[in-house]
Amino acid sequence: MHRPPPPSISSVTFRAVRECGVARQLAPLFAEFWQGYRAWFLRQGDQARPTYAESRRILRHHMPELLPIYDELVEAVGGGDVQARMLSLYRPTPYLSGCSQAVLLHGEPVLVRNYDYRPELCEGLLLHTHWAGRRVMAMSDCLWGVLDGVNDAGLAVALSFGGRPVVGDGFGVPLVLRYILQTCASVAAAVKVLCRVPIHMAYNITLLDARGEYRTVQVAPDRPPTITKSPVATNHQGTGDWPRYALVTSSEEREQYLLQCVADPAESAEQLEHRFLEPPLYSHNYHRGWGTLYTAAYRPGVGSVRLRWPTQQWDTSLGEFQEQSSRVEFGG
Amino acid sequence: MKKKTVTKKHAARRSRKQPRTKARSPRGPKLHGLSDIRRFFHRNTDPIFFISATNFNLLGIDEWVRNFWYINYIDCFDGQHPNVFIPREAPHRPFTSIEDINNYLLSHKEVIDFIKSKGGKPKAVFLMFDEETERLCRELGIEICFPTAAMRTEVDDKISTNRIAQRADVPCVPYVLAKAESYQDLRRVSKRLGNDLVVQTAFGDSGHTTFFISKERDWKKYEEEIVNAGELKIMKRIRCRGSALEACVTKHGTIVGPLMTELVGFKELTPYRGGWCGNEVFAGAFDKRIRESARQSAVKFGNELRRMGYRGYVELDFLTDLDNGKVYLGEVNPRITGASSMTNLAAFAHADAPLFLFHLLEWMGVNYELDVDALNSRWADPENIDTWSQLVIKFTDDHVQHVTAAPRSGIWELNRDGTATYVRMQTHRRTVQYENRAFFLRITAPGDYFYEGADLGILVSPGRFMTSNHRLNQRAKKWISAIRAHYAGADINPAAAAQAMEQVEVGGFKLS
């Protein structure tokens with residue numbers, strides 16, 4: 001999520017990394033990101049964040065299957081108290097982003113999304129893991145959290161900020177998406193998790209599985225989740241209670257545009273992916289915190305992802321994961 | 001055959017939810033007398049942790065008990081104490097109580113890892129703890145060697161104390177327990193106590209829930225608080241001098257430590273008028289009659305506590321009525337206190353065993369026999385009481401500064417010219433031999449803040465610090481001045497001062 005800012009131009013070095021153990025490759029990456037993570041975690045003061053004992057207790061209660069991976073990951077990156085609390089992603093420091101995501105079922109089911117945020121706060125890590133017998137390929141956040149990804153059971157997920165300023169008791173959503181990809185094989189199972197595990201801010205989570213089942217679940221800490229059959233999500237929930245945010249991010253326009261696109265029976269996956277590289281879906285608002293940093297298209301039926309930028313793209317998959325790295329520039 | 005309705009697993013799970021309410025039943029081979037008891041502790045295998053802001057209350061116990069560790073928030077010894085563990089990464093945060101600090105420490109990964117690294121069946125002792133502490137210890141498999149919060153609350157309750165004293169035939173300051181809805185009510189129920197009254201409510205530090213009432217306007221000032229408090233302890237206001245002793249309730253009887261004087265309200269030491277700022281232990285501190293009266297009351301009160309199921313350490317305040325010489329029981333604290341290192345490091349403690357070891361014996365379920373009467377007799381003999389005093393030095397000015405220099409913990413020497421020089425590092429005061437030397441425990445360190453009421457440190461020396469008129473003596477004043485001279489601070493702007501005060505621990509650390 002955080003790394004030291006690049007020297008002059010806004011750029012992100014994207015890396016596709018295969019983690020062979022628990023944290024053999026992750027530990028040095030964590031060391032690189034730690035200064036930024038620590039500053040973010042302690043931004044509201046140490047006392048504003050829950051203790052290690054409480055964080056681990058709540059993690060054990062809601063997502064017990066993650067506990068062995070968590071404990072090993074924590075020791076591998078140094079075993080410190082602040083590190084452990086940050087990695088639990090329990091009641092983290094609030095943050096805002098902005099995204100668009102859509103599902104298309106014409107042909108191979110695909111989930112396409114844009115991730116809009118600040119370049120200097122993007123890890124740029126496509127992480128392939130094989131933890132607890134489950135292979136997952138995902139864009140990471142806070143090292144082991146997931147912004148969007150796919151697993152070898154045929155499930156793909158993506159999150160977008162829900163456009164409401166409410167903050168409450170719960171986990172940072174990237175860890176819940178990690179949990180879903182680690183433990184779920186279907187949209188139905190993922191929806192159950194989203195109805196059970198508390199999430200600390202408002203998000204719209206789109207789920208797609210290999211059978212072509214999809215849902216968008218709107219979660220927030222102050223009300224029960226709303227499960228919709230919408231194939232599309234941007235950055236508002238219902239009529240929204242933060243109209244200014246929706247206005248400046250053009251959330252409703254993007255949603256309407258996407259709904260028209262996916263409703264068109266002639267729309268192909270290639271065309272849809274291409275639309276994400278242009279306005280109104282592609283945002284240049286880097287200085288305001290929601291510039292488009294990457295486009296990802298997941299095909300859960302074949303376990304593949306295409307990462308796209310205006311001038312390049314990566315194609316890789318769970319079965320034939322290719323490690324690579326590219327520097328992408330933004331702004332200007 | 002009748003089917004068992006409760007399985008072993010179910011019973012074990014159920015028992016894990018409740019903290020143990022009684023001291024463990026004795027097990028293992030029997031220890032016969034003090035030599036066996038001392039050897040038991042020198043060979044102790046289960047780790048015992050004293051978890052607190054500092055290790056002040058149980059200084060020196062680590063040299064009596066093998067596998068005894070201090071887990072603290074403040075590093076008084078700059079990393080030099082062999083048995084103190086301080087989490088390295090503990091970003092500053094405000095605490096509201098000792099319980100808060102203890103719960104923070106028990107929630108900290110470095111502390112949890114340290115405790116787990118010692119293996120065994122860990123035990124913990126605290127200055128104060130609450131239900132959250134009990135939960136955290138349960139989660140970590142730590143046994144707390146103190147009575148439960150519920151039992152301690154019952155003993156700590158100012159009103160309940162008097163009921164226990166009544167059952168034990170221990171005299172208290174003339175009082176009545178009653179509610180009062182109005183000033184007339186108050187006067188009606190307290191007729192026999194005279195005009196000047198002290199009204200106390202069940203809980204809170206004495207300074208906050210004690211009301212002096214002589215006229216109706218005194219009542220009017222505090223009427224709402226008093227009426228809402230429910231049952232009150234209404235006492236005759238007496239001219240008195242306070243004293244304190246510590247005791248240990250055991251299955252073999254109540255062991256009683258020496259009666260100590262209290263230093264209260266000296267402006268060189270504390271900004272608080274009624275603030276406790278030290279103790280003295282010496283043979284002639286009180287005449288024999290007062291000493292005996294307090295000792296007998298302590299034994300009787302302790303035995304009543306034993307009947308209630310209480311075991312272990314307890315501190316009792318006694319008030320001597322200056323007009324008629326009677327000795328009354330004041331407050332009771334069901335815990336170790338700021339006077340504990342006085343009791344536990346005395347020569348008689350060194351010759352037999354520190355009082356706190358008997359507390360551990362009870363809570364570790366050790367099978368032992370002990371002649372408590374003989375022990376008490378030895379500890380009561382003035383020949384066995386060596387003279388020691390401690391000063392609790394607070395910052396008494398009302399401005400805020402950033403601390404840039406502070407004296408180190410260890411042995412100091414007072415020079416003829418009134419300055420003090422650091423001699424060497426030491427972890428307790430037992431080896432200090434002369435009145436021109438003292439052990440200093442630093443609390444406020446460079447990087448902290450000076451503010452009114454901040455605990456700077458504790459100074460312990462042989463000899464007295466008060467005159468026979470209960471004023472601070474010249475030696476005390478010289479020591480205070482000499483040690484204060486090693487502190488330095490830098491002014492900070494008002495905005496920084498305000499921010500510093502937000503971060504500073506509220507109310508200082510309650511060392512008593």
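Contact here means heavy atoms within 4.5 Å, and the exercises below apply to a predicted model.

**Exercise 1. The nonpolar cores**

Determine which residues touch the most other members of the largest nonpolar core, and trace the contacts of Phe14(A).

Solution. The largest nonpolar core holds 187 residues, and those that touch the most other members are Phe14(A), Ile180(A), Tyr203(A), Ile205(A), Tyr294(A), Phe356(B) and Phe358(B). Helix H1 of chain A, residues 26-41, gives the largest share of this core, with 8 residues. For Phe14(A), once residues up to four places away in sequence are set aside, the partners include Cys122(A), Gly124(A), Met139(A), Leu293(A) and Tyr294(A), and further along the chain they include Trp309(A), Trp314(A), Gln324(A), Val328(A) and Phe330(A). Another core lies apart from the largest one and has 34 residues, among them Ala168(B), Val198(B), Ile290(B) and Met308(B). As background, nonpolar side chains in soluble globular proteins tend to be buried together.

**Exercise 2. Backbone geometry in the loops of chain A**

Locate the cis peptide bond between Pro279(A) and Pro280(A), then place Cys142(A) and Ser250(A) and say how far each is shielded.

Solution. Begin with the general expectation that most residues other than glycine have a negative phi, and that most peptide bonds are trans. The bond from Pro279(A) to Pro280(A) is cis, with omega near 5 degrees, and Pro280(A) belongs to the loop that runs between helix H9 (269-275) and strand S12 (284-285). Turning to phi, Cys142(A) has a positive value near 50 degrees without being a glycine; its loop joins strand S5 (134-141) and strand S6 (145-151). Ser250(A), likewise no glycine, has a positive phi of about 55 degrees and sits in the loop between helix H7 (243-248) and helix H8 (251-263). The cut-off for buried is under 20% relative accessible area, so Cys142(A), at 0%, counts as buried, whereas Ser250(A), at 30%, is partly exposed.

**Exercise 3. A threonine in the H7-H8 loop**

Describe the surroundings of Thr249(A), found in the loop between H7 and H8 of chain A.

Solution. Thr249(A) is buried, because its relative accessible area is 7%. When neighbours within four places in sequence are left aside, Thr249(A) is in contact with Arg254(A) and Trp290(A). Trp40(A) stands 209 residues away along the chain, and its C-alpha atom is separated from that of Thr249(A) by 24 Å.

**Exercise 4. Cysteines without partners**

How many disulfides does a search of the whole structure find, and why is Cys137(B) not bonded to Cys145(B)?

Solution. The search finds 0 disulfides over all chains. A pair of cysteine sulfur atoms must lie within 2.5 Å to count; the closest cysteine sulfur to that of Cys137(B) belongs to Cys145(B) at 9.9 Å, and is therefore too far for a bond. Cys248(B) is also in no disulfide, since the nearest cysteine sulfur, again that of Cys145(B), is 12 Å away. Both cysteines are buried, Cys137(B) at 1% relative accessibility and Cys248(B) at 0%.

**Exercise 5. The second largest cavity**

Work out which residues line the second largest cavity and how they divide by class.

Solution. The whole structure contains 3 cavities of 30 Å³ or more, and the second largest encloses about 40 Å³ of space. Its lining consists of Gln218(A), Val219(A), Ala220(A), Arg223(A), Pro224(A), Thr226(A) and Gln237(A). Strand S9 (214-220) and strand S10 (223-228) of chain A are the elements that give two or more residues to this lining. By class, the lining divides into 3 nonpolar, 3 polar and 1 charged residues.

Definitions and conventions
Residues numbered from 1 in each chain as written. Chains lettered and ligands numbered in written order. Predicted model: local features only at pLDDT ≥ 70, side-chain atom pairs only at ≥ 80, totals over all residues. Heavy atoms only, no water. Core = buried A, V, L, I, M, F, W, Y, C linked by side-chain atoms within 4.5 Å. Buried < 20%, exposed > 50% of the residue type's maximum accessible area, 1.4 Å probe, protein only. Helix = DSSP H or I, 4+ residues; strand = E, 2+ residues; numbered from the N terminus. 1 Å grid on protein atoms, 1.4 Å probe; cavity = no way out; pocket = protein on both sides within 12 Å on 5 of 7 lines; lining within 4 Å. Points joined across faces, edges and corners; volume = space filled by probe spheres on them. Nonpolar A, V, L, I, M, F, W, Y, C, P; charged D, E, K, R; others polar.
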